[in-house]
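Here is a short briefing on one protein chain. Read it with the sequence and the coordinates side by side.

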Amino acid sequence: MDLMGGTGAAAEAGGADIIKDASTATFAADVMDASRDHLVIVDFWAAWCGPCKQLTPVLEKVVQSYGGAVRLVKVDVDQNQALAGQLRVQSLPTVMAFRDGRPVDGFMGALPESEVRAFIDRCGVPADGAAELAQALQMAQDALAENNLQDAASIFAAVLQQDQLNTDALAGLASCYLKSGDRDRAAQTLELVPPDQQDHAAVQSVKAAIALEEQADAAGPVSELEAKVTADPDDHQARIDLALALAAGGRKADAIGHLIESFKRDREWNEAAARKQLLNFFEAWGPTDKMTVEGRKRLSSVMFA
């Protein structure tokens, strides 16, 4: 199922409007006019400037994280010397923040990410962009929960057009692909998540769901596994494999039931494998899934009986 034209759409959706190069001719529109609707950060740089090469990627990353509420405009001073002179740019890199058509703050030299973010926050980020982003993500998550994959994928894709590194949107889109049966594309989408966000809960949830599907593939047909469990109720491996196969087919309650039964029969079998598998289910399904909530209650009642 092609939900939105492939992961290329996510990879290529960039912030063409969020990050752009400007010249003397376009500065009024790209900065002065744009700053009446958004906070605009202007990066004055040059190809020969070493600190510029360090700062610009940091600026791009931080600006993208605001989901469209902040714009970044880059000006090559060698190509726009008159403009740099008018704005009294005396050293590189120089960064200026514009709001309502005028500069409100600035700094010179390369700063670490935390200080760049503090600078932008100090300049005052309009709340509307962040609020709209959060609302869009919630709408997408609601659609995903209702298994409305097409709408969910479309909204996640729209968010990524504004912020191509948005972890929640990338994880949500990967989940859409996985639920549609396209496991490979789900994994490819997760590869777009920045390295420092790979431990994000939403990302880990999709990774766990992919791992469960792979385990279910190796478990075998449900009918054969049910026959094994019927023949030997203490065949714990067969029960766990059956639970995997049932969960993969959407029978979550039955999957939980078999793992609870295995845990009741022998809590310590194979280093508490039944309990660990239950926890894997909960991670893959997410904390708000009704079967996660029900499963945790059932496991707790058995553990502390």
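pLDDT is the predictor's confidence in each residue, from 0 to 100. That matters here, as this is a predicted model. The protein averages a pLDDT of 89. Residues 6-16, however, stay under 50.

**Confidence**

- At least 70 is the score reached by 92% of the residues.
- Over residues 6-16, pLDDT stays under 50. The model still has 23 contacts for this stretch beyond four places in sequence.
- Where pLDDT is low, the predicted coordinates should not be read in detail.

**Overall build**

- The secondary structure comes to 15 helices and 5 strands.
- The protein has a radius of gyration of 25 Å. A compact globule of 305 residues would have one near 19 Å.
- Taken along the principal axes, the C-alpha atoms fill a box of roughly 85 × 35 × 35 Å.
- Of the 305 residues, 46% count as buried.
- Among contacts with a separation of 6 or more, 66% come from residues 24 or more positions apart.

**Surface and charge**

- The exposed area of the protein is about 15000 Å². Carbon and sulfur atoms supply 48% of that area.
- Negative side chains number 45 and positive ones 28. The centres of the two sets lie 5 Å apart.

**Asn 166 and Asp 168**

- Asn 166 is found in the loop between helix H7 (149-162) and H8. Asp 168 is found in helix H8 itself, which covers residues 167-179.
- Asn 166 counts as buried because its relative accessibility is 9%, and buried means under 20%.
- Asp 168 has a relative accessibility of 30%, so it counts as partly exposed.
- Beyond four places in sequence, Asn 166 touches Leu 133, Leu 137, Val 159 and Leu 160.
- With the same exclusion of residues up to four places away, Asp 168 touches Leu 137, Gln 141, Phe 156, His 200 and Ala 202. Leu 137 thus appears in the contacts of Asn 166 and in those of Asp 168.
- Asn 166 and Pro 194 are 28 residues apart in sequence. Their C-alpha atoms are 9.1 Å apart in space.
- Asp 168 and Arg 239 are 71 residues apart along the chain. Their C-alpha atoms are separated by 34 Å.

**The loop between H4 and E4**

- Helix H4 (81-86) and strand E4 (94-99) flank a loop that holds Pro 93. Arg 88 has its place in the loop between H4 and E4 too.
- The peptide bond that joins Leu 92 and Pro 93 is cis, with omega about -5 degrees.
- Arg 88 is not a glycine, yet it has a positive phi of about 60 degrees.
- Arg 88 has a relative accessible area of 70%, so it counts as exposed; the cut-off for exposed is over 50%.

**Ala 272**

- Ala 272 is found in the loop between helix H13 (252-265) and helix H14 (273-285).
- Phi of Ala 272 is near 60 degrees, a positive value in a residue other than glycine.
- The relative accessibility of Ala 272 is 14%, so this residue counts as buried.

**Gly 68**

- Gly 68 lies in the loop between helix H3 (50-64) and strand E3 (70-76).
- At 7% relative accessibility, Gly 68 counts as buried.
- Residues up to four places away aside, Gly 68 touches Ile 18, His 38 and Gln 162.
- Along the chain, Gly 68 and Leu 39 are 29 residues apart. Their C-alpha atoms are separated by 9.6 Å.

**Ala 29**

- Helix H2 (residues 27-33) is the place of Ala 29.
- Ala 29 counts as partly exposed because its relative accessibility is 46%, and partly exposed lies between the 20% and 50% cut-offs.
- The C-alpha atoms of Ala 29 and Gly 101 are separated by 9.9 Å. Along the chain, these two are 72 residues apart.

Definitions and conventions. Residues are numbered from 1 along each chain as its sequence is written. This is a predicted model: local features need pLDDT of at least 70, side-chain atom pairs count only at pLDDT 80 or more; totals for chains, interfaces and linings use all residues. Side-chain values use heavy atoms; hydrogens and water are left out. Contact means heavy atoms within 4.5 Å. Helices (H or I, at least four residues) and strands (E, at least two) are DSSP runs, numbered from the N terminus. The radius of gyration is taken over C-alpha atoms; the globule rule is 2.2 Å times the number of residues to the power 0.38. Buried means under 20% relative accessible area, exposed over 50%, partly exposed in between (1.4 Å probe, protein chains only). Accessible areas come from the Shrake-Rupley method with a 1.4 Å probe; for residues, only the protein chains shown count as cover. Lys and Arg count as positive and Asp and Glu as negative; His and the chain ends are not counted. The place of a charge is taken as NZ of Lys, CZ of Arg, CG of Asp or CD of Glu.
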